[in-house]
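Visitor: I'm new to reading protein models. Could you walk me through this one?

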Amino acid sequence: MKLPSAPGGKKLWICDIEVFKNYFLAVFYNGERWKMFDHTQLPELADALNDKELVLAGFNNFAYDDIILGFICSDPTCTTQKIYETSKDLIYGGERLREQVFRAQWAERPWHNSIDVFQLLNGKGSLKEWACRIGSNLVAETPAALS
């Protein structure tokens with residue numbers, strides 16, 4: 001399935017990330033091919049995202065994925081543990097980290113822009129709920145079996 005170009009003729013990539021204590025995965029799809037980067041390829045991931053012609057589309061990426069990807073781009077030598085701690089701060093930091101998260105959400109990115117499908121749906125339903133609604137063959141947390 002070929003994806004349309006993003007506004008302004010930019011390249012559109014659908015993306016999702018998974019963050020675990022000892023594992024990180026970023027998956028991108030442009031309608032024709034997949035790109036995947038794990039925790040051993042963070043410098044390559046940062047290089048791939050350093051593209052002002054790139055628009056990322058995701059689900060809740062404004063509040064989560066874009067912040068994690070931006071963090072990795074700012075320090076491609078970071079550890080999986082640091083990514084995990086940043087993830088936990090986003091999820092559980094609450095009021096204590098509100099200003100820090102706000103700044104991270106609005107920080108400049110090395111890619112052009114992002115589209116957050118969750119915001120377009122007015123925050124109604126999770127990604128897995130929408131996958132069920134559209135009849136997806138597979139609804140899973142992550143494509144990798146982790147212990």
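What follows is a chat about this predicted model, going from the overall layout to single residues.

Visitor: How many helices and strands does the chain have?

Guide: Start at the N terminus and read along: the elements run β-β-β-α-β-α-α-α-β-α-α. Each α there is a helix and each β a strand, and the tally for the chain is 6 helices and 5 strands.

Visitor: In what order do the strands sit in the sheet?

Guide: Let's take it pair by pair. Strand 1 (residues 11-20) pairs with strand 2 in the antiparallel sense over 7 bridges, and those two form a hairpin with 2 residues between them. Strand 1 also pairs with strand 4, this time in the parallel sense over 4 bridges. Put the whole open sheet together, with its mixed pairing, and the order is 3-2-1-4-5.

Visitor: Which strands are the edge strands?

Guide: Look at the two ends of the order 3-2-1-4-5. An edge strand here pairs on one side only, and that picks out strand 3 and strand 5 (113-116).

Visitor: By how many degrees are neighbouring strands turned against each other on average?

Guide: For this one, ignore which way each strand runs. Averaged over the neighbours in this sheet, the turn is 25°.

Visitor: Which residue stands opposite Asp16 in strand 2?

Guide: Strand 1 and strand 2 are antiparallel partners, and a nearby example helps: Cys15 has Phe28 as its bridge partner in strand 2. For Asp16, the residue standing opposite in strand 2 is Val27.

Visitor: And what is the bridge partner of Leu12 in strand 4?

Guide: Now we're on the parallel pairing, the one between strand 1 and strand 4. In strand 4, Leu12 is matched with Val55.

Visitor: Why do the buried residues of helix 1 line one face of the helix?

Guide: First, the residues themselves: Leu42, Leu45, Ala46 and Leu49 are the buried ones in helix 1. Now look down the axis of helix 1: these buried residues line one face because they fall within an arc of 100°.

Visitor: What do those buried residues pack against?

Guide: Both strands and helices are on the list. The buried residues of helix 1 pack against strand 2 (23-29), strand 3 (34-38), strand 4 (54-58), helix 2 and helix 3 (80-92).

Visitor: Is helix 1 roughly parallel or roughly perpendicular to helix 2?

Guide: The axes of helix 1 (residues 42-49) and helix 2 (residues 65-74) come within 9 Å and cross at roughly 105°. Angles of 65 to 115 degrees count as roughly perpendicular, so helix 1 is, relative to helix 2, roughly perpendicular.

Visitor: How many nonpolar residues does the contact of helix 1 with helix 2 have?

Guide: From helix 1 come Leu42, Leu45, Ala46 and Leu49, and from helix 2 come Leu69, Ile72 and Cys73. None of the contact residues is polar or charged, and the nonpolar count is 7.

Visitor: At what angle does helix 3 run to strand 1?

Guide: Helix 2 lies across several strands and runs at about 85° to strand 1. Helix 3 lies across strand 1 and strand 2, and its angle to strand 1 is about 95°.

Visitor: Last one: does Gln119 count as buried, partly exposed or exposed?

Guide: You'll find Gln119 in helix 5 (residues 117-120), and its C-alpha atom is 7.1 Å from that of Asn60, 59 residues away along the chain. Buried means under 20% relative accessible area and exposed means over 50%. Gln119 has 47% relative accessibility, so Gln119 counts as partly exposed.

Terms used. Residues numbered from 1 in each chain as written. Predicted model: local features only at pLDDT ≥ 70, side-chain atom pairs only at ≥ 80, totals over all residues. Heavy atoms only, no water. Axes fitted to C-alpha atoms, helices over the stretch in contact; angles between N-to-C directions. Parallel < 35°, antiparallel > 145°, perpendicular 65-115°, else oblique. Contact = heavy atoms within 4.5 Å. Nonpolar A, V, L, I, M, F, W, Y, C, P; charged D, E, K, R; others polar. Buried < 20%, exposed > 50% of the residue type's maximum accessible area, 1.4 Å probe, protein only. Arc of directions from axis to C-beta. Pairing = 2+ DSSP bridges.
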